[in-house]
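User: Hi! I am new to reading protein structures and would like to go through one step by step. Could you help me with some questions?

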Amino acid sequence: MLMALTRDVSARIVECELTHLAREPVDVQRARLQHAAYEQTLRELGVHVKRVDDGEDFPDSVFIEDTAVVVDEVAIITWPGAATRRGETDAVAAALGKYRPLVRLTEPATLDGGDVLCVGKRVWVGRSARTNAEGIGQLSAALKPFGYKVESLDIRGCLHLKSAVTAIGDSVVLINPAWVDRQAFAGMEFIDVHPEEAMAANALLVGQTVLFPRHFPRTAERLERRGVKLVRVACDELAKAEGALTCCSLLFHADGVTAAG
């Protein structure tokens, strides 16, 4: 059974962490409606959606991806790079502990799940303002016994690695080459975002379907021309908080076969 852990949009999202965007008003009700529609889209694709409680006090808690890295054999509970987010992890750990053994990263490591891209046994981790060398090292040590190869790489101009590149198939990535170098992804097929849609590289692969932001139509057209099966979803309100589609769920199979990405 494919599962997604999610969290509701906190009323405090107006206090969210921002790194690359100027602060602008977030319509909390509109964000909640869009997030609920995202969850419903997952259900329509056969995903069992389970909301994790106790996130209201944390402005960024809807971006649950940053709190854990889930693979077939284990769930790694992160130590987020933003100090305001570290209280988010306990409730997520409790939820994941029903499905996976847990490993917790410890200080001085910092790591956000949004900096981690998994495709099979290959794991890329972005060195960012939220993820440091110690975090990458501890993640690598946790995954090594299970045969995963962890590669670190630099990103530029964006918050997380998955702002710059995501997997949209077993060997296909959607990429903004201005923010991350292609060389790290040798052997993969590349689809570039439209040059006028720099933030369009974040897409969510669910089975054979790709969830994609409705507000990036030119990149969507590129993907559809390449034969990618898309479901376009509205997510522009959470984008004001530097959120994107992968940020809003932790996808994994309850039986130990994780979703790509």
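User: Which residue in E2 is the bridge partner of Ala4?

Analyst: Happy to help, and please keep in mind that this is a predicted model. Strands E1 and E2 run parallel and are joined by 4 bridges. For Ala4, the bridge partner in E2 is Val49.

User: In which order do the strands of the open sheet with E1 stand?

Analyst: This open sheet has 3 strands, and their pairing is mixed. Strands E2 (48-51) and E15 (250-253) are at the edges with a single partner strand each, so one side of each has no neighbour in the sheet. On average, neighbouring strands here are turned by 25° against each other, direction ignored. The order is therefore E2-E1-E15.

User: At about what angle does H1 run to E2?

Analyst: Helix H1 covers residues 28-44, and Ala31 is part of this helix. H1 lies across both E1 and E2. Its direction relative to E2 is about 145°.

User: Is Ala31 buried or exposed?

Analyst: Let's look at its surroundings. Setting aside neighbours within four places in sequence, Ala31 is in contact with Val9, Val26, Glu237 and Leu238. The relative accessibility of Ala31 is 0%, and residues under 20% count as buried. Ala31 is therefore buried.

User: And what about Met1, is Met1 buried or exposed?

Analyst: Met1 sits in the segment before strand E1 (2-6). Not counting residues up to four places away in sequence, Met1 touches His48, Phe252, His253, Ala254 and Asp255. Its relative accessible area is 52%, and the cut-off is over 50%, so Met1 is exposed.

User: What separates the C-alpha atoms of Met1 and Gly46?

Analyst: Along the chain, these two residues are 45 residues apart. In space, the separation of their C-alpha atoms is 8.5 Å.

User: Which strands stand at the edges of the sheet E3-E4-E5?

Analyst: This is an open sheet of 3 strands with mixed pairing. An edge strand has a single partner strand, so one of its sides is left without a neighbour in the sheet. That description fits strand E3 (68-70) and strand E5 (102-104).

User: Which helix packs on that sheet?

Analyst: First, a look at the strands: E3 and E4 (residues 75-77) run antiparallel, joined by 3 bridges, and Ala68 stands opposite Ile77 in E4. The helix in question touches E3, E4 and E5, and its direction makes about 160° with that of E5. Its residues are 89-96, and its name is H2.

User: Why is the pair of Trp124 and Phe185 tilted?

Analyst: The structure holds 2 aromatic pairs. A pair of aromatic rings is described by the distance of the centres and the angle of the planes. For Trp124 and Phe185, the centres are 4.9 Å apart and the planes are at 40°; stacked needs under 30 degrees and edge-to-face over 60, so the pair is tilted.

User: How many residues apart in sequence are the parts that this pair ties together?

Analyst: Trp124 and Phe185 are both buried. Trp124 is in strand E7 (residues 122-127), while Phe185 is in the loop between strand E10 (172-175) and strand E11 (189-192), so the parts tied together are 61 residues apart in sequence.

User: Over the face of which ring does Lys121 lie?

Analyst: There are charges over rings to look at here. Arg182 lies over the face of Phe190, at 5.4 Å from the ring centre. For Lys121, the distance from the ring centre is 4.0 Å, and the ring is that of Tyr148.

User: Which helix makes a β-α-β unit with E13 and E14?

Analyst: Strands E13 (residues 209-213) and E14 (residues 230-233) run parallel and are joined by 4 bridges. One of these pairings sets Val210 opposite its bridge partner Leu230 in E14. The unit is right-handed, and its helix, residues 217-225, is H5.

User: Is His194 buried or exposed?

Analyst: His194 lies in the loop between E11 and strand E12 (204-206). Beyond neighbours within four places in sequence, its contacts are Arg218, Thr219 and Arg222. Among them is Thr219, whose place is in helix H5. At 16% relative accessibility, which is under the 20% cut-off, His194 counts as buried.

Key
Residues are numbered from 1 along each chain as its sequence is written. This is a predicted model: local features need pLDDT of at least 70, side-chain atom pairs count only at pLDDT 80 or more; totals for chains, interfaces and linings use all residues. Side-chain values use heavy atoms; hydrogens and water are left out. Two strands pair if DSSP finds at least two bridges between them. Helices (H or I, at least four residues) and strands (E, at least two) are DSSP runs, numbered from the N terminus. A crossover is right-handed if, with the strands pointing away from the viewer, the path from the first strand over the helix to the second runs clockwise. Rings of Phe, Tyr and Trp (its six-membered ring) pair if their centres lie within 6.5 Å; planes under 30 degrees apart count as stacked, over 60 as edge-to-face and the rest as tilted. Buried means under 20% relative accessible area, exposed over 50%, partly exposed in between (1.4 Å probe, protein chains only). A charge sits over a ring if NZ of Lys or CZ of Arg is within 6 Å of the ring centre and within 35 degrees of the ring normal. Contact means heavy atoms within 4.5 Å. Axes are lines fitted to C-alpha atoms, for helices over the stretch in contact, and angles run from 0 to 180 degrees between N-to-C directions.
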